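Please open the model in your viewer and keep the sequence panel beside it, so that each selection below can be followed in turn.

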Amino acid sequence: MRLDNPKDLFVYELSAMYDGENRIAEMLTEVADRVGDETLTQMLRTHQQETRQQAKNLEQCFQQLGTSPQQVTCGPVEAIHREYREFLDRQPSADVLTMFALGGAAKIEHFEIASYRGLVGKAMLMGETKCIQLLETNLLQEEETAGKLERFANELGQRMLATA
Ligand SMILES: [Fe+2]
């Protein structure tokens, strides 16, 4: 793909985000099945469905731009996934794994928040009104999810300390 102007860069970054959302959807299924807390499993499954919709919102964004997703690997999400798998190999206890998974999920959400803020900014610069709306929808969901994960991690941490 050519990378000569702001629109090319926007499409490149959108493509990385699209790869990231698809990786996250798969990862959420993998993690939701492993954590030992029903409330968290449900929370992750709900966000998995939102993530699938977010990928569709990005597809609409590509359509608006008259293009399609390019092959771009989302390095940060790939790295957090690898970190999770390596941690699993260390055979942590169920609660410790859940805490680690919550931390990993929060890292991903904050990466997504920063990425979507950047993408919304570029869409605004280019006057891509429909894309702004779609990207802001995704951004809002990531912000809400980050808040939920942080509250849940705090509650679980307190419970773990109380019973330690
Ligand atoms: Fe997402």
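**A tour by selection**

Begin with lysine 148, which you will find in helix α5, the helix of residues 129–163. This is a predicted model, and in it lysine 148 is partly exposed, having a relative accessible area of 37%.

Next, add leucine 88 to the selection and look at the two C-alpha atoms: lysine 148 and leucine 88 are 60 residues apart along the chain, and their C-alpha atoms are separated by 23 Å.

Leucine 88 leads on to helix α3, where Leu88 is one of the residues that meet α4. Select α3 (residues 75–89) together with α4 (residues 94–125), and you will see two helices that pack at an angle of about 175 degrees, their axes lying 10 Å apart. Because of this angle, α3 is roughly antiparallel to α4. On the α3 side the contact includes Pro76, Ile80, Tyr84 and Phe87, while the α4 side includes Val96, Phe100, Gly104 and Phe111. The residues of this contact divide into 12 nonpolar, one polar and two charged.

Now turn to the iron ion and display what surrounds it: its protein donors come from Glu21, which appears with two OE entries, and from Gln54 (OE1), Glu112 (OE) and Glu142 (OE), at 2.1 to 2.6 Å from the ion. Along the sequence, these donor residues follow the spacing E-x32-Q-x57-E-x29-E. Distant parts of the chain are linked here by glutamine 54 in helix α2 (residues 38–64) and glutamate 112 in helix α4, which are 58 residues apart.

As a last selection, keep just this pair: are they buried or exposed? Glutamine 54 and glutamate 112 are both buried.

Conventions: Residues numbered from 1 in each chain as written. Predicted model: local features only at pLDDT ≥ 70, side-chain atom pairs only at ≥ 80, totals over all residues. Heavy atoms only, no water. Axes fitted to C-alpha atoms, helices over the stretch in contact; angles between N-to-C directions. Helix = DSSP H or I, 4+ residues; strand = E, 2+ residues; numbered from the N terminus. Parallel < 35°, antiparallel > 145°, perpendicular 65-115°, else oblique. Contact = heavy atoms within 4.5 Å. Nonpolar A, V, L, I, M, F, W, Y, C, P; charged D, E, K, R; others polar. Buried < 20%, exposed > 50% of the residue type's maximum accessible area, 1.4 Å probe, protein only. Donors = N, O, S within 2.8 Å, 3.2 Å for Na, K, Ca; no water.
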